[in-house]
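Colleague: Hello! I am new to reading protein structures. Could you walk me through this one?

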Amino acid sequence: MIHIEQQWEENVRTIEGKYIHEKADQPFIREKRGHKLIVRGMPIQSHQLKVTGICDVVEFIKDEEGIELANTAGKYLPYPVEYKRGRPKKSDADLLQLTAQAMCLEEMLLCDVHEGFMYYHEIRKRISIPITKRLRDRIKEITEEMHKYFKRNYTPRVKTGSFCKRCSLQHICLPNLMNRQSVQNYIERMLKE
């Protein structure tokens, strides 16, 4: 709905998320801490996946196996760091977002990214996430499917669940209607009355 139908609505969770990202998403800020270079709000892209985005933070850790960075002495390996307002999800959504970021960094910087980090504000914990082949394959499947929807200008049918109650788009999407009846059934019922 956000990308195909250009629909958006704020709620408490999206506003809290913006607040948490304020520091992380400040572009053009580079910090040097010992063997670590921290870049915030880094734009990324992948021509192969046909996606663009912004990493909350990319930490470049000094490593002889790494890559050279412009205007920086030594070699570094990149590690994407994604900040989330809540806690770890039961689904792979957060892991997939981080994996897509890692894949973009690999293509842009011509290096391998084997690990990233999720920071969950609610539990105030940073979790190491291995970037696995399974996650990479899933990203390829999802982006292919997504591009097919974009090309057709088609919004897929929503998969409803308890998570709909927390979604900022619930009043636009109207997920409860999906659990009721089709438009055709509604019209037929109304014509009979």
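Colleague: About how much area does the protein expose, and what percentage of it do carbon and sulfur atoms supply?

Modeller: Areas here come from the Shrake-Rupley method with a 1.4 Å probe, and for residues only the protein chains shown count as cover. The protein exposes about 13,200 Å², and carbon and sulfur atoms supply 54% of it. Please note that this is a predicted model, where local features need pLDDT of at least 70, side-chain atom pairs count only at pLDDT 80 or more, and totals for chains, interfaces and linings use all residues. Residues are numbered from 1 along each chain as its sequence is written, and side-chain values use heavy atoms, with hydrogens and water left out.

Colleague: How many helices and strands are there in the protein?

Modeller: Both are DSSP runs numbered from the N terminus: helices are H or I with at least four residues, strands are E with at least two. The protein has 6 helices and 6 strands. Starting at the N terminus, their order is α-β-β-β-β-α-β-β-α-α-α-α.

Colleague: What percentage of the residues is buried?

Modeller: A residue is buried under 20% relative accessible area, exposed over 50%, and partly exposed in between (1.4 Å probe, protein chains only). Of the 193 residues in the protein, 32% are buried.

Colleague: Which residues of α2 are buried?

Modeller: The buried ones are D94, L96, L98, T99, A100, Q101, A102, M103, C104, L105 and E106. Their cover includes β2 (36–46), β3 (51–69), β4, β5, β6 (125–130) and α3 (133–152). Take Q101 as an example: its relative accessibility is 5%, so Q101 counts as buried. Contact means heavy atoms within 4.5 Å. Apart from neighbours within four places in sequence, Q101 is in contact with I44, I54, C55, P80 and E82.

Colleague: What span should helix α2 have?

Modeller: The expected span is 1.5 Å times one less than the number of residues. Helix α2 (residues 93–109) has 17 residues and should span 24 Å, which agrees with its end C-alpha atoms being 24 Å apart.

Colleague: How many aromatic pairs are there?

Modeller: Rings of Phe, Tyr and Trp (its six-membered ring) pair if their centres lie within 6.5 Å; planes under 30 degrees apart count as stacked, over 60 as edge-to-face and the rest as tilted. That rule gives 2 aromatic pairs. Y79 and F117 have ring centres 6.2 Å apart and planes at 40 degrees, so this pair is tilted. Y79 is in strand β4 (residues 72–84) and F117 in strand β5 (residues 115–120), so the pair ties together parts 38 residues apart in sequence. Y79 and F117 are both buried. Y83 and Y119 form a tilted pair too, at 5.4 Å centre to centre with 45 degrees between the planes.

Colleague: How many salt bridges does a search of the whole structure find?

Modeller: A salt bridge is a side-chain nitrogen of Lys or Arg within 4 Å of a carboxyl oxygen of Asp or Glu. The search finds 12 salt bridges. One of them joins D94 and K89 (2.9 Å, N to O). D94 is buried, with a relative accessible area of 3%, whereas K89 is partly exposed at 44%. A network of salt bridges links E82, K84, K89 and D94.
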